[in-house]
Structure formats: C-alpha cells, structure tokens
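Got your viewer open and a selection box ready? Let's take a walk through this one, stop by stop.

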Amino acid sequence: MWSYDQKTWVWNTELALGSINLKVDIAGPNVLYVRTVNKAGNISAPTTYLFYVRPRPGVDKPGDVTGDGFPDILAIDGAGNLRTYAGDATGDTDAWLPGAVDGDKPVAGGYWKDASGKPALISHSTDWFPGDGITDLIARMPDGKLYVYPGDGAGRFDMPAAWRSCSRQALGTLPPSPRSSPPRTPPATACRTPLRVPETPSGPSPDTREAAKLMSATGWTAKDIVGVRDISGDEVPDLLFRDNADLNRTLALRKGKPGPSGGADLNSLATASASEGAQDNTYATTGWGRAAIPMVLGTPDANGDGVPDFWAVNPIGHQYLMRGGTTQWLGDASGRDEDDWHTFLTIG
C-alpha cells in the first residue's frame, strides 16, 4: 500500500503536470484509496478504487495463480465461494477476486460447500493439465472425489460446459486464457471427472496419477501437514507439520533423504526414525495449536529469501504470511490481511 499523506510532497513535479505516476508490482486485484485535502486542511472521506492488472506472459511460478511470479492464497468463504487473494513481494494480500468461473459466467453461489456446510479441500501449486504452464486447482469436493479445475492465468479457475462433457466430440476447444491466445484443446480424458488413482498403473494420462502410497496408517489424527518442500536447503523435500498433541513443539520439521531418482525417499518422510537425522526437529515451540491458529498452510517462498514460507489464520480473523527459516520459524510475519478470515471455511 502506498500513502500520499505526506507533509512534504515528493510528487510535486508530477502533481504540477496533473498526474501521479504509480506502478504496481502485482497482477490481479489492486486497490487504490484516495482522499483530498483542501486549502483549509479539511480531509475528505476516502474513496476506494478497485482495479485489475493483467498477468505477465510466460509460465506460472510455483504457488502463483495471477501471473506476476508471487505466490497467492485461495480461500473458501463462509458462503461457500472461492476467493483468490493475490500476494505481493512480501506475501501481503490486500484485495481478492472471485476465483471460479463457468466459461464467461460466474459460478453459482455456494458451489464449494454442500448442504451441510462441509467445504471442499483445495490446493494449488503448479500446472496439472492441459500442460499450458498455468497453475490449476486441485479440489477434494464434498462428494469425496478429487477434481482438477484448470486455471485461466488470471487468478480464476474454469469449469466450462466443454470441460464437463464426457463426450470427445463435445469437447471441442476451451476458451483462450489471458496468457494463451489460441484456444486450448483439452485431452480426451478431460471430462469433469475425478482424478483416478489406479491400483495397477497403466501409464500416465492427464487426469490419472500413477499410484498412491500409504505412508502411515496411524498417528496423524492430531497432526496437520503444512507443506512438503525443501526447507533445509539441501535440495531434498522436507515435511513440515503441525503437532497438536505436543503443545511444546507445535510445528515440527521432518527432513527428507534423497530419493533414488531425485526428490525425496518417501519412506524418509513417513516416520521420524527413517528421516534424515532420525528425529523430528522443533520448528516452532508454543502457540501453533489448532485453537490458537485454526488454519495454517505452507507456500513456496513468498518474500524472496529462497526459503518456503507459510500462511496462518488466527481466531480473530487476521491472516499472516509467516517467514520460514531453514531450521525454525523466524518468529515474525511478512504480510497481514484482516478480511474476517476466521469466518472462512478453508484455505488452499
């Protein structure tokens, strides 16, 4: 947020020309607050201007859905509607836009929860399909099935009739996204059907994962996964989780071991004894239990220091971007939003 409420104006030259040159660094929704001061010093009521900035061309970076290179956060509000909050260079979020469209029309209100109020569980990180480099949305809907909703490149996720059709003849082409001028051709399996996880892999396809691995059958009732990313800086993914059963170590870091073909050995993330160092490390001590922080979510680096960060929501509705460290939480927030987040159903 920029302020022009200055005793000494640094924009005098521009004001003399009748305008102020202000550049914004984030795509998607932006807000400009304006007020005037007359010669007597009387200050007007503020006026709010909401405007949108087009995304930059190119492939989305991890966690980014608006095309400016900064990770963003998604939320399902109390009415069951999807919101996109655009993050800036410090992880701060100041405005949101509706996150779901049905072709060129708004999605019906309450789409993201069922009649009982149970919300979808949502996640975004990268491009799933059709392979256009634009971040997509993964959602486990209240029906218990897992779906992919393609991103449009401007912070929204599309569910046009063509995408929902299960007839190859009816699929045709998808509308172009703001960052891909030609129409996109969905794959033959691009019906709005659940992601399938076959017991016997028969080869990858755009809407099929090759296998599912049960890593632990017990011990996770009181734990919440915050994120799986390289936190320690050794180029091997680690597991950051909340441990609500240990209020003296409410955030724990489990370091991964290198996998045989890159990435992490999944067995090293399954148990503390199999991890690098054979123990779970204290990432934060007190204050991160479910009562104190109802929602917590990992994100790729959002403040430019190269270390993954995480979002947190407290019980009075404040959302923070918390700065991550390689061995422990750095103890302060980089961004803050006060948009009644305690009334939201989930973040992702």
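**First stop: Ile122 and the cores**

Select Ile122 and show what surrounds it: leaving out residues up to four places away in sequence, Ile122 touches Leu74, Ala75, Ile76, Leu82, Leu137, Ile138, Ala139, Thr346, Ile347 and Gly348 (contact means heavy atoms within 4.5 Å). A word on what you're seeing: this is a predicted model, where local features need pLDDT of at least 70 and side-chain atom pairs count only at pLDDT 80 or more, while totals for chains, interfaces and linings use all residues. Residues are numbered from 1 along each chain as its sequence is written, and side-chain values use heavy atoms, with hydrogens and water left out.

Now add Leu82, Trp112, Leu137 and Tyr149; together with Ile122 they have the most contacts inside the largest nonpolar core, which has 16 residues. Such a core is a set of buried Ala, Val, Leu, Ile, Met, Phe, Trp, Tyr and Cys residues joined through side-chain atoms within 4.5 Å. Buried means under 20% relative accessible area, exposed over 50%, and partly exposed in between, with a 1.4 Å probe and protein chains only. The elements giving two or more residues to this core are β3 (73–76), β9 (137–140) and β10 (146–149). Strands are DSSP runs of E with at least two residues, helices are runs of H or I with at least four, and both are numbered from the N terminus. Apart from this core lies another, of 14 residues, among them Val226, Leu251, Ala284 and Trp288.

**Next: an open sheet**

Color β5, β4, β3 and β20: in that order, these four strands form an open sheet with antiparallel pairing (strands pair if DSSP finds at least two bridges between them). Which strands stand at the edges? They are β5 (93–98) and β20 (346–347), each with a single partner strand, so one side of each has no neighbour in the sheet. Zoom in on β3 and β4 (residues 82–87), which are joined by four bridges; here Ala75 has Arg83 in β4 as its bridge partner.

**Then: strand β17**

Jump to β17 (residues 309–313), where five of the five residues are buried. Show the side chains: Asp309, Trp311 and Val313 point one way, while Phe310 and Ala312 point the other. In a regular strand, side chains alternate between the two faces of the sheet.

What about the neighbours? Five bridges join β17 to β16 (residues 295–299), antiparallel, with Met295 paired to Val313. Another four bridges join β17 to β18 (residues 319–322), also running antiparallel, and Ala312 stands opposite Tyr320 there. The β17–β18 hairpin has five residues between its strands, and Gly317 takes a positive phi near 100°.

**Two buried residues**

Pick Leu269 in helix α4 (residues 266–270). Is Leu269 buried or exposed? Buried, with a relative accessible area of 7%. Beyond its neighbours within four places in sequence, its contacts include Met215, Val228, Pro237 and Arg254.

Then try Asp243 in strand β13 (residues 238–243), which counts as buried because its relative accessibility is 6%. Not counting residues up to four places away, Asp243 touches Ala222, Lys223, Arg249 and Thr250.

**Last stop: the surface**

Switch on the surface and select Ile20, Leu22, Val24, Leu32, Val34, Tyr49 and Phe51, a nonpolar patch with about 500 Å² of accessible area together. β1 (28–34) and β2 (47–53) each supply at least two of its residues. Finish on Tyr49, in β2, which counts as partly exposed at 45% relative accessibility. Patches like this join nonpolar side chains (Val, Leu, Ile, Met, Phe, Trp, Tyr) within 5 Å, or like charges within 9 Å, using residues with over 30% relative accessible area and no salt bridge (a Lys or Arg side-chain nitrogen within 4 Å of an Asp or Glu carboxyl oxygen). Areas come from the Shrake-Rupley method with a 1.4 Å probe; for residues, only the protein chains shown count as cover.
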